[in-house]
Amino acid sequence: MLGPRLAGRNGVELRPPTLGDQKPHLVWLAQPEVTRLWAPRHGEWTEEKAEERFKRQCESRDSANWSIAFEGETVGSTGIFDIDWVGRGGESGLFIGRHDLYGRGIASEAVRLRTRLAWSHLRLHRVHSWIALQDRGSRRANEKGGYAQIGLYRGYAYRSGAWLDDRTGEIFPERAFTPE
Amino acid sequence: MRAEPAMPATWKERLREAAKEQSAVLWTIETQGGPVGIARVSRHSDVGHCDVQDLAIDPARWGRGYGGDATLAIHRYLFDHLDKRVSAVELPADSERAKRIAERLGSVEFGRGHDACYRDGAYADRLYLRLDRSAWEERWGASEREHPPLPGGIER
């Protein structure tokens with residue numbers, strides 16, 4: 001499913017993705033600055049595949065998907081995936097494609113908005129994440145949002161000439177929730 | 001856990017999807033010519049690790065060592081054939097049988113998710129375990145190779 005529009009602070013907004021939002025992703029995914037900690041750094045990054053991906057997001061019953069907008073412009077995407085509606089848990093992910101905007105707090109605000117909705121509307125008990133330890137921006141955004149580290153998978157994958165570690169974290173949205 | 005009715009119709013669809021899947025391998029666990037369970041392993045092509053995603057034995061056959069034997073067979077394949085560095089698995093912390101199998105195999109805990117598995121009306125923790133190839137070689141390398149090493153000098 002597509003998530004609802006969530007207005008945040010400092011020009012950040014989560015909004016339901018559109019097909020048009022998929023197109024800049026094709027450009028971002030080809031940039032080393034964005035994907036250096038990702039695998040496999042190649043893929044079927046075509047408009048046709050982007051349309052398929054968008055259709056899957058729309059039809060999905062176990063995920064909530066958003067575009068991240070900064071000052072009105074789409075700069076990335078986020079979501080909660082593999083939602084188990086019985087156990088009330090899911091896995092979060094976040095992607096900022098505009099590397100020239102790294103360090104502006106966009107991801108942190110997106111995490112805050114996403115976590116708030118995870119409790120206020122989705123009533124999720126727990127959300128977990130996997131983030132490369134060396135991906136400082138994503139890691140800091142999750143830590144600021146209240147995710148606690150619960151494990152470290154040493155030597156998870158080889159990226160950019162080094163073995164990376166994968167940090168897993170969890171948050172209990174009810175405990176992090178503050179009404180606005 | 002997939003919430004779906006356990007019906008032949010849904011399994012046909014699942015098997016059709018599994019046959020097309022490029023990043024996971026699904027097996028039936030068989031003994032004496034009959035099925036006793038299933039196992040599924042992801043085999044990410046671009047990284048050195050893999051995940052044991054499912055390993056289920058018919059409860060009527062529990063306690064006969066089938067789970068442990070299947071686990072050894074799977075890891076022979078993962079380490080001797082796919083050349084993986086690490087095998088990982090996630091287990092409910094209250095699953096004593098699964099924990100015993102993992103412990104015997106040589107897996108070690110690297111993380112714990114709190115209140116992550118819901119069943120029987122309550123939450124249990126989830127354990128994150130890994131088995132490194134070096135630990136596998138040390139414990140099982142002498143007895144559990146899929147094939148004996150090839151003799152040296154063979155080039156064609």
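These are my notebook entries on a few local features of this predicted model.

**Strands in chain B**

I began with the strand pairing in chain B. Strand β1(B), residues 24-31, pairs with strand β2(B), residues 34-42, in the antiparallel sense over eight bridges. To fix the register, I looked up one pair: Ile29(B) has Gly37(B) as its bridge partner in β2(B). I then checked the connection between these strands. β1(B) and β2(B) form a hairpin with two residues between them. In that turn, Gln32(B) has a positive phi of about 50 degrees.

Next I followed β2(B) to its other partner. β2(B) and strand β3(B), residues 49-57, run antiparallel and are joined by six bridges. Here I noted Val41(B), whose bridge partner in β3(B) is Val52(B).

**Helix α1 in chain A**

Which residues of α1(A) are buried? For this helix, residues 19-28, I listed Asp21(A), Gln22(A), His25(A), Leu26(A) and Trp28(A). Seen down the axis of α1(A), the buried residues fall within an arc of 160 degrees, so they line one face of the helix. I also looked up what that face meets. The buried residues pack against two helices, α2 (32-35) and α3 (47-59), and against the strands β3 (64-70), β4 (73-84) and β5 (89-96), in chain A.

**Second largest pocket**

I recorded a volume of about 150 Å³ for the second largest pocket. Its lining includes Arg9(A), Ser108(A), Lys144(A), Phe177(A) and Glu180(A). The elements giving two or more residues to this lining are α4 (106-120) and α5 (136-145) of chain A. α4(A) gives the most, with four residues. I sorted the lining by residue type and got five charged, four polar and two nonpolar. Arg112(A) and Arg116(A) are among the lining residues, as are Ala176(A) and Thr178(A).

**Trp85 in chain A**

Last, I looked at one tryptophan. Trp85(A) sits in the loop between β4 and β5 of chain A. Is Trp85(A) buried, partly exposed or exposed? Its relative accessible area is 35%, so I entered Trp85(A) as partly exposed; the cut-offs are under 20% for buried and over 50% for exposed.

I then listed the contacts of Trp85(A), leaving aside neighbours within four places in sequence. They are Met1(A), Arg61(A), Asp62(A), Leu122(A) and Leu124(A). I also took one distance: the C-alpha atoms of Trp85(A) and His125(A) are 9.8 Å apart in space, while the two residues are 40 apart in sequence.

Note on methods: Residues are numbered from 1 along each chain as its sequence is written. Chains are lettered from A and ligands numbered from 1 in the order in which they are written. This is a predicted model: local features need pLDDT of at least 70, side-chain atom pairs count only at pLDDT 80 or more; totals for chains, interfaces and linings use all residues. Side-chain values use heavy atoms; hydrogens and water are left out. Two strands pair if DSSP finds at least two bridges between them. Buried means under 20% relative accessible area, exposed over 50%, partly exposed in between (1.4 Å probe, protein chains only). The arc is that of the directions from the helix axis to the C-beta atoms. Contact means heavy atoms within 4.5 Å. On a 1 Å grid over the protein atoms alone, a cavity is a set of points where a 1.4 Å probe fits but cannot get out, and a pocket is an open set with protein on both sides within 12 Å along at least five of seven lines; lining residues have an atom within 4 Å of a point. Grid points are joined across faces, edges and corners, and a volume is the space filled by probe spheres set on the points. Ala, Val, Leu, Ile, Met, Phe, Trp, Tyr, Cys and Pro count as nonpolar, Asp, Glu, Lys and Arg as charged, and the others, Gly among them, as polar.
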